[in-house]
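Good morning, and thank you for the time. I should like to take the group through one structure, beginning with a pair of helices and ending with some individual positions.

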Amino acid sequence: MADDGHKAVLERIADALERLSPPPIDPIDLNAEAAYYWDGTQFSAIPNFNPIPLDLLTAIDDQKARLIENAKRQASGHAAHDVLLWGSRGMGKSALAKSVVKALQDDGAAIALIETSSDHLDSLPRLFQMLGDSQRAFILFIDDISFEDSSAAPRLLRSVLEGGASQRPSNVRLYVTSNRRHIVARSMAEQDDPVNPRDVVDDKLALSDRFGLRLGFHAASQDDYLAMIRKYSATHGLSFEEDDALLWSKQRGSRSGRVAWQYVVELAGRAGKTLG
């Protein structure tokens, strides 16, 4: 009887634990969606993936042409580079990466975007194993990446880029954005390091060197800034005065694609219009 009672208690505990456990996750179809998010454990679809149309991105024509050519190669199953998009904030690094994928999808290419965070770098070997079984091309997008001196993540990312146990499959390439050309923060203290200071610097530069294509984005000139506003305004049926647009940028201490778009949002609001 004691054994029966003990068994019943164990069964009740097991039942309770089962009720507390999350339901099993249904596998996601990696051929069904335009874009996904990887949280380090599982995928989720990014709803309404509709980045800014590629032809609206202004003053970055060279970067646009080089990135779309690289993505076309990958979507066609040809050799393609991992890409570092670096430079000024608000100049279209993230927008370009996403818009290129959407433009190729609109042309019928079998390619998708997977966005993740630098916090999930240790999960990439598992992710690559899952993606490698697909016939689809994938751009793994990591936005606004930077590392501090104390972080082990730079070496992990460098290992991913150069191969080894965590080598990514041929249908996957990384597109990474950073405000820093060399991704990892540098300081004057490096020059005072008594132990091989050149090695310290070279180790940091080696990470950005692993990207076969590096595209720089620089602060917009006044002409570029106004050209952005003209294109956005014409697309949405808005009018503006140059002096007003320049005052807007001066008040924000910046000329960039982001500031230009914010000004267009302001124009639409003044006109009582909405922006799609």
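**Helix packing, cores and selected residues**

Helix α8 passes helix α9 in a right-handed crossing. Before I go further, please keep in mind that this is a predicted model. The two helices are formed by residues 242-252 for α8 and residues 257-270 for α9, and they pack at an angle of about 125° with their axes 10 Å apart. That angle makes α8 oblique to α9, because only angles over 145 degrees count as roughly antiparallel and those from 65 to 115 as roughly perpendicular.

Which residues of α8 and α9 meet? From α8 the participants are D244, A245, W248, S249 and R252. Facing them from α9 are V259, Q262, Y263, E266 and R270. By class, this contact comprises four nonpolar, two polar and four charged residues.

Let me set that pair against the overall architecture. The protein has 276 residues, of which 42% count as buried. Its secondary structure comes to nine helices and seven strands. Among contacts with a separation of 6 or more, 74% are accounted for by residues 24 or more positions apart.

I turn now to a second helix pair. Helix α2, residues 61-75, and helix α3, residues 93-106, have axes that come within 10 Å and cross at roughly 50°. The two are therefore oblique to each other. Here again the crossing is right-handed, with α2 passing α3. On the α2 side, the residues in contact are Q63, K64, L67, I68, A71 and K72. On the α3 side, they are L96, A97, V100, A103 and L104. This contact divides into eight nonpolar residues, one polar residue and two charged residues.

That interface leads directly to the nonpolar cores. In soluble globular proteins, nonpolar side chains tend to be buried together. The largest nonpolar core in this model contains 43 residues, and the members touching the most other members are L67, L96, V100, Y175 and Y225. Of these, L67 belongs to the α2 side of the contact just described, while L96 and V100 belong to the α3 side. Leaving aside residues up to four places away in sequence, V100 touches L54, L67, I68 and A71. There is also a second, separate core of 26 residues, which includes Y36, W38, F128 and L207.

Next, some individual buried positions. Where does D82 lie? D82 is in the loop between α2 and β3, the strand of residues 83-87. Is D82 buried or exposed? Its relative accessibility is 4%, so D82 counts as buried. Beyond residues up to four places away in sequence, the contacts of D82 are L161, R168, R173, L174, F211, G212 and L213.

L131 is placed in helix α4, which covers residues 124-131. With a relative accessible area of 0%, L131 is buried. Its neighbours, again not counting residues up to four places away in sequence, are L30, F43, I114, F138, N171 and V172. One of these, L30, is 101 residues from L131 in sequence, and the C-alpha to C-alpha distance between L131 and L30 is 8.2 Å.

G92 offers another long-range pairing. This glycine sits in the loop between β3 and α3, and at 17% relative accessibility G92 is classed as buried, because the cut-off is under 20%. The C-alpha atoms of G92 and R258 are separated by 7.6 Å, although the two residues are 166 positions apart along the chain. Outside its neighbours within four places in sequence, G92 is in contact with I60 and F217.

I close with two backbone details. N48 is not a glycine, yet it has a positive phi of about 55°. N48 is found in the loop between β2, residues 43-45, and α2. With a relative accessible area of 76%, N48 is exposed. D144, likewise not a glycine, has a positive phi of about 55°. D144 lies in the loop between β5, residues 137-142, and α5, residues 153-162.

Thank you. I would be glad to take questions.

Technical notes: Residues are numbered from 1 along each chain as its sequence is written. This is a predicted model: local features need pLDDT of at least 70, side-chain atom pairs count only at pLDDT 80 or more; totals for chains, interfaces and linings use all residues. Side-chain values use heavy atoms; hydrogens and water are left out. A nonpolar core is a set of buried Ala, Val, Leu, Ile, Met, Phe, Trp, Tyr and Cys residues joined through side-chain atoms within 4.5 Å. Buried means under 20% relative accessible area, exposed over 50%, partly exposed in between (1.4 Å probe, protein chains only). Contact means heavy atoms within 4.5 Å. Axes are lines fitted to C-alpha atoms, for helices over the stretch in contact, and angles run from 0 to 180 degrees between N-to-C directions. Helices (H or I, at least four residues) and strands (E, at least two) are DSSP runs, numbered from the N terminus. Angles under 35 degrees count as roughly parallel, over 145 as roughly antiparallel, 65 to 115 as roughly perpendicular and the rest as oblique. A crossing is left-handed if the near helix is turned anticlockwise from the far one by less than a right angle, and right-handed if clockwise. Ala, Val, Leu, Ile, Met, Phe, Trp, Tyr, Cys and Pro count as nonpolar, Asp, Glu, Lys and Arg as charged, and the others, Gly among them, as polar.
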